[in-house]
Amino acid sequence: MPVPLAPYPTAMVPSTPPANGAQSQLVCSGCQNLLLYPVGATSVCCVVCNAVTAVPPPGTEMAQLVCGGCHTLLMYIRGATSVQCSCCHTVNLALEANQVAHVNCGSCRMLLMYQYGARSVKCAVCSFVTQVGVSEFQFYSPSQ
């Protein structure tokens, strides 16, 4: 005899956060979803793909960037010089704010970011190559 189905999905019981409610976040090593976890956890199991992601040691300062290959948000330990995307395997340069400069594309005027010291930068929108001269440096500042 067939078992009748419930008309609505059963409500999931939320996990109990720590008493002080402190949570942190990291990117799943399997599916790249953003995971929230209680402070003090040593690893997090993703409910989407079941991958277990190790939590960095307390006090580790994290940074994030968008992968140049697939546009996935990547989180990494601040100070790393490069980050390999686990989705498309692109190796992305992880630049500090003082290593990055901005210039407007010479064709479409899109604001472009490039590594300090580069002689030119290619626009990802229109593919125009803009020459960068010493007088054109616009250094990144969080207040801009």
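Q: Why does Gln-32 count as buried?
A: Buried means under 20% relative accessible area, exposed means over 50%, and partly exposed lies in between, with a 1.4 Å probe and protein chains only; Gln-32, at 15% relative accessibility, therefore counts as buried. This is a predicted model, in which local features need pLDDT of at least 70 and side-chain atom pairs count only at pLDDT 80 or more, while totals for chains, interfaces and linings use all residues. Residues are numbered from 1 along each chain as its sequence is written, and side-chain values use heavy atoms, with hydrogens and water left out.

Q: What makes the backbone of Gln-32 stand out, and where does this residue lie?
A: Gln-32 has a positive phi of about 70 degrees although it is not a glycine, and it is placed in the loop between strand 1 (23–27) and strand 2 (34–38). Strands are DSSP runs of E of at least two residues, helices are runs of H or I of at least four, and both are numbered from the N terminus.

Q: Which burial class does Ser-127 fall in, and what is its phi?
A: Ser-127 also is not a glycine and has a positive phi of about 70 degrees; it sits in the loop between strand 11 and strand 12 (129–131). Its relative accessibility is 43%, so Ser-127 counts as partly exposed.

Q: How many helices and strands does the chain have?
A: The chain comes to zero helices and 13 strands, and reading along the sequence gives the pattern β-β-β-β-β-β-β-β-β-β-β-β-β. Of its 144 residues, buried ones make up 22%.

Q: How do you know how many disulfides there are?
A: A disulfide is a pair of cysteine sulfur atoms within 2.5 Å, and a search of the whole structure finds zero of them. The sulfur of Cys-49 has its closest cysteine sulfur in Cys-28, at 3.6 Å, which is too far for a bond. Cys-85 is likewise in no disulfide, the nearest cysteine sulfur being that of Cys-70, 3.6 Å away.

Q: Why do Cys-49 and Cys-85 fall in the burial classes they do?
A: Cys-49 has a relative accessible area of 33%, so it is partly exposed, whereas Cys-85 has 1% relative accessibility and therefore counts as buried.

Q: Where does UniProt place the feature "domain: Zinc finger LSD1-type"?
A: The unreviewed UniProt entry places this feature at residues 28–52, 67–91 and 105–129; UniProt positions are given in the numbering used here, feature names are shortened, and annotations may be inferred rather than shown by experiment. In the model, residues 28–52 are 0% helix and 36% strand, with end C-alpha atoms 8 Å apart. Residues 105–129 are 0% helix and 36% strand, and there the end C-alpha atoms are 8 Å apart.

Q: What makes up the lining of the largest pocket?
A: The lining residues divide into 18 nonpolar, seven polar and three charged, where Ala, Val, Leu, Ile, Met, Phe, Trp, Tyr, Cys and Pro count as nonpolar, Asp, Glu, Lys and Arg as charged, and the others, Gly among them, as polar. Strand 5 (62–66), strand 8 (91–93), strand 9 (100–104), strand 10 (111–115) and strand 11 (120–122) each supply at least two residues of this lining.

Q: Why is Val-83 called buried, and where is it found?
A: Val-83 has a relative accessible area of 9%, so it is buried, and it is found in strand 7 (residues 82–84). Val-83 and Ala-94 are eleven residues apart in sequence, and their C-alpha atoms are 6.4 Å apart in space.

Q: Why does Val-27 count as buried, and how far in space is it from Met-75?
A: Val-27, which belongs to strand 1, has 13% relative accessibility and therefore counts as buried. Val-27 and Met-75 are 48 residues apart in sequence and 6.4 Å apart in space, C-alpha to C-alpha.

Q: Which burial classes do Ala-51 and Ser-120 belong to?
A: Ala-51, in the loop between strand 3 (43–45) and strand 4 (52–54), has a relative accessible area of 18% and is therefore buried, while its C-alpha atom is separated by 7.9 Å from that of Cys-31, 20 residues apart along the chain. Ser-120, in strand 11, has 33% relative accessibility and so counts as partly exposed; Ser-120 and Thr-130 are ten residues apart in sequence and 5.5 Å apart in space, C-alpha to C-alpha.
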